[in-house]
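Work through the exercises below with the sequence and the model at hand. Each task is followed by a solution in steps.

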Amino acid sequence: MTPPSDDQNTAPAPAPAPAPASGGAKSRKGPTRSEVSKAAILEAAREEMAENGWRGFSVDSVAKRASASKQTIYRWWPSIGAMCVDAALALIPDAPEGGRDPQERITALIIPLEAAARTGHGHAVLRVALLAAADDKDAGEVWRAWVGRDIRQPLRMVLAELAAKRVIRRDFELDDVLEQLLGPIFHRLTISRAPVKEGFCSEQVQAFLRTNGAL
């Protein structure tokens, strides 16, 4: 019998490893587990806020709803109040384009609050966020930072331009204007405990402009 050749005794060579993807690393697709978990916690927080309010809020319930641990919640937020404010702010859309009309421009800055309040249980969620901001230091800082960035600073620029064009009086106080515009909606949410009707913010801006000589 002819003995087997060396080629017959040799194991087949392994297939070459696939070349690495361009750039040496795989691109990440979709949200990470932490992003998904955080979104689930915020959604669970909104459900708890709508059902039980600020006084009856339970972080244990939020953890259970979101299938997350309390340790994870406390690692991501300095306080439960701060988490509640974050949960509410996630409901507020970006400000729309305000056009050229003074009333439209100012209304565009505050109407996202109206939109959030009119969405599902948004009015209840915002009410809890406002109460949390009043009670909790960390929550208050988060809320004020949002108001300052998304409403106060752009409002200051719009009002300064309108004053320079003599559309409104030059002697306005920015904080007074902010309270005049936001106070009614906050009162409706926290004291009246009622949804915000369509056009509410536009009415407040119209009243402000009328008082300040624009209408």
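A crossing of two helices is called left-handed if the near helix is turned anticlockwise from the far one by less than a right angle, and right-handed if it is turned clockwise. The model used here is predicted.

**Exercise 1. State how many helices and strands the protein chain has, and give their order.**

Solution. Step 1: the count gives 10 helices and zero strands. Step 2: along the sequence the pattern is therefore written with helix symbols, α-α-α-α-α-α-α-α-α-α. Step 3: of the 215 residues in the protein chain, 39% count as buried. Step 4: among contacts with a separation of 6 or more, 62% are between residues 24 or more positions apart.

**Exercise 2. Describe how α9 packs against α10.**

Solution. Step 1: two packed helices are described by the angle between their axes and the distance between the axes. Step 2: the axes of α9 (residues 174-190) and α10 (residues 200-211) come within 10 Å and cross at roughly 145 degrees. Step 3: the crossing of α9 past α10 is right-handed. Step 4: on α9 the contact is made by Val177, Gln180, Leu181, Pro184, Ile185 and Arg188, and on α10 by Phe200, Cys201, Gln204, Val205, Ala207, Phe208 and Thr211. Step 5: sorted by class, these contact residues are nine nonpolar, three polar and one charged.

**Exercise 3. Find which residues line the largest pocket, and which elements supply them.**

Solution. Step 1: the volume of the largest pocket is about 200 Å³. Step 2: its lining consists of Leu130, Ala133, Ala134, Gly140, Trp143, Arg144, Val147, Gly148, Arg152, Leu178 and Phe186. Step 3: two or more of these residues come from each of α7 (122-135), α8 (137-164) and α9. Step 4: α8 has the largest share, six residues. Step 5: the lining divides into seven nonpolar, two polar and two charged residues.

**Exercise 4. Repeat the analysis for the second largest pocket.**

Solution. Step 1: the second largest pocket has a volume of about 150 Å³. Step 2: Glu43, Arg46, Glu47, Ala50, Glu51, Leu91, His121, Gly122 and Val125 line the second largest pocket. Step 3: α2 (33-52) and α7 each give at least two residues, and α2 gives the most, with five. Step 4: by class, the lining holds three nonpolar, two polar and four charged residues.

**Exercise 5. Locate serine 67 and arginine 193, and decide whether each is buried or exposed.**

Solution. Step 1: most residues other than glycine have a negative phi. Step 2: serine 67 has a positive phi of about 55 degrees, and arginine 193 has a positive phi near 50 degrees. Step 3: serine 67 sits in the loop between α3 (59-66) and α4 (70-76), while arginine 193 belongs to the loop between α9 and α10. Step 4: the cut-off for exposed is over 50% relative accessible area. Step 5: serine 67 has 71% relative accessibility, so serine 67 is exposed. Step 6: arginine 193 has 54%, so arginine 193 is exposed.

**Exercise 6. Classify valine 167 by accessibility and give its C-alpha separation from proline 102.**

Solution. Step 1: valine 167 lies in the loop between α8 and α9. Step 2: the relative accessible area of valine 167 is 24%, and partly exposed covers values between 20% and 50%, so valine 167 is partly exposed. Step 3: valine 167 and proline 102 are 65 residues apart along the chain, and their C-alpha atoms are separated by 8.3 Å.

Terms used. Residues numbered from 1 in each chain as written. Predicted model: local features only at pLDDT ≥ 70, side-chain atom pairs only at ≥ 80, totals over all residues. Heavy atoms only, no water. Axes fitted to C-alpha atoms, helices over the stretch in contact; angles between N-to-C directions. Helix = DSSP H or I, 4+ residues; strand = E, 2+ residues; numbered from the N terminus. Contact = heavy atoms within 4.5 Å. Nonpolar A, V, L, I, M, F, W, Y, C, P; charged D, E, K, R; others polar. 1 Å grid on protein atoms, 1.4 Å probe; cavity = no way out; pocket = protein on both sides within 12 Å on 5 of 7 lines; lining within 4 Å. Points joined across faces, edges and corners; volume = space filled by probe spheres on them. Buried < 20%, exposed > 50% of the residue type's maximum accessible area, 1.4 Å probe, protein only.
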